[in-house]
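Okay, thanks for coming, everyone. I'll talk through one protein chain today, so pull it up on your screens and follow along.

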Amino acid sequence: MAHPSPAGAPVRRLTVLYDGGCPLCVHLRQWLGKQRQLVPLDLVPAGSREARQRFPGLDHAGTLTEITVVGDGGQVYRGTSAWIVCLWALAEHRPKAHWLTTPAGRPLARATVLAAAKYRSVTARPCGSPDGACGLPDPAGGSPG
């Protein structure tokens with residue numbers, strides 16, 4: 001699912017880097033925060049000062065385009081694996097996370113991530129736009145702001 005931790009050390013904490021300018025990402029961040037966690041989740045906006053300070057060697061531009069989760073042992077999970085490890089950290093969803101890693105479950109996990117990415121692409125202006133900001137579409141139909 002990701003890079004193994006040194007000497008097989010267990011994951012004791014995860015940092016979820018989410019897009020703070022994406023309505024779906026913010027909703028999922030709030031949902032994750034309300035769940036009973038078997039492994040504590042730190043929820044940090046991707047590309048933020050805090051993210052850059054915590055993980056100076058990480059590709060922060062990449063974290064703005066793809067969900068990234070970092071384990072306390074240096075493990076880095078991206079995309080589908082990141083979604084699965086988030087579920088794995090939650091008491092009520094760990095069994096589903098294990099199933100999603102199987103040959104039967106992995107296609108469903110991938111399809112879910114692709115659907116979320118498509119939704120995100122129509123609801124949030126990509127980070128790295130010419131003005132350097134991430135933004136949401138104007139509900140009145142104007143340009144994103």
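I'll start with the overall fold, then go through the sheet, the cores and a few single residues.

First, a reminder that this is a predicted model. Everything I quote is computed from it.

So, the overview. The protein has six helices and four strands. If you walk along from the N terminus, the elements go β-α-β-α-α-β-β-α-α-α. There are 145 residues in the protein, and 41% of them are buried. The accessible surface is about 8,100 Å², with 58% of that belonging to carbon and sulfur atoms. For those of you who like contact maps: take the contacts in the protein with a separation of 6 or more, and 58% of them are between residues 24 or more positions apart.

Okay, the sheet. Let's begin with strand β1, which covers residues 14–18. How many of the residues of β1 are buried? Five of the five, so β1 is largely enclosed by the rest of the structure. You can see that from both sides: Leu14, Val16 and Tyr18 sit on one face, Thr15 and Leu17 on the other, and all of them are buried.

Who are the neighbours of β1? One is β2, which runs parallel to β1 and is joined to it by five bridges. If you want to find the register, Val16 stands opposite Leu43 in β2, and Leu17 stands opposite Val44. To get from β1 to β2, the chain goes through helix α1, residues 23–34, and that β-α-β crossover is right-handed. Strand β2 itself, residues 41–45, is mostly covered, with four of its five residues buried.

The other neighbour I want to show is β3, residues 68–71, and here the pairing with β1 is antiparallel, over four bridges. Leu14 has Gly71 as its bridge partner in β3, and Val16 has Val69. So Val16 is a handy residue to click on: Leu43 stands opposite it in β2, and Val69 is its bridge partner in β3. As for side chains, Thr68 and Val70 point one way from β3, Val69 and Gly71 point the other way, and all four names I just read out are buried.

Then there's β4, residues 76–78, which pairs with β3 in the antiparallel sense over three bridges. Thr68 has its bridge partner in β4 at Arg78. β3 and β4 make a hairpin with four residues between them, and Gly74 in that turn has a positive phi of about 95°.

Right, on to the packing. In soluble globular proteins, nonpolar side chains tend to be buried together. Here the largest nonpolar core has 22 residues, and those with the most contacts inside it are Leu14, Val16, Leu32, Leu41, Val69, Tyr77 and Trp88. Elements that give two or more residues to this core are β1, β2, α4 and α5. The most comes from α4, with six residues. That helix is mostly covered, too: nine of its 10 residues are buried, including Ala82, Ile84, Val85, Leu87 and Trp88.

Let me zoom in on Val69 for a second. Leaving out residues up to four places away in sequence, Val69 touches Leu14, Thr15 and Val16, then Gln75, Val76 and Tyr77, and also Ala82, Val85 and Cys86. Apart from the 22-residue core there is another one, of nine residues, among them Leu17, Ala51, Leu58 and Leu64.

Next, His60. You'll find His60 in helix α3, residues 60–63. Is His60 buried or exposed? Buried: its relative accessibility is 6%, and the cut-off for that label is under 20%. Again skipping residues up to four places away in sequence, His60 touches Ala51, Arg52 and Phe55.

Last stop, the cysteines. Cys22 is buried, with a relative accessible area of 1%. Cys25 counts as buried as well, at 17% relative accessibility. How many disulfides does a search of the whole structure find? Zero.

That's the tour. Happy to take questions.

Conventions:
Residues are numbered from 1 along each chain as its sequence is written. This is a predicted model: local features need pLDDT of at least 70, side-chain atom pairs count only at pLDDT 80 or more; totals for chains, interfaces and linings use all residues. Side-chain values use heavy atoms; hydrogens and water are left out. A disulfide is a pair of cysteine sulfur atoms within 2.5 Å. Buried means under 20% relative accessible area, exposed over 50%, partly exposed in between (1.4 Å probe, protein chains only). Contact means heavy atoms within 4.5 Å. Accessible areas come from the Shrake-Rupley method with a 1.4 Å probe; for residues, only the protein chains shown count as cover. Two strands pair if DSSP finds at least two bridges between them. A crossover is right-handed if, with the strands pointing away from the viewer, the path from the first strand over the helix to the second runs clockwise. A nonpolar core is a set of buried Ala, Val, Leu, Ile, Met, Phe, Trp, Tyr and Cys residues joined through side-chain atoms within 4.5 Å.
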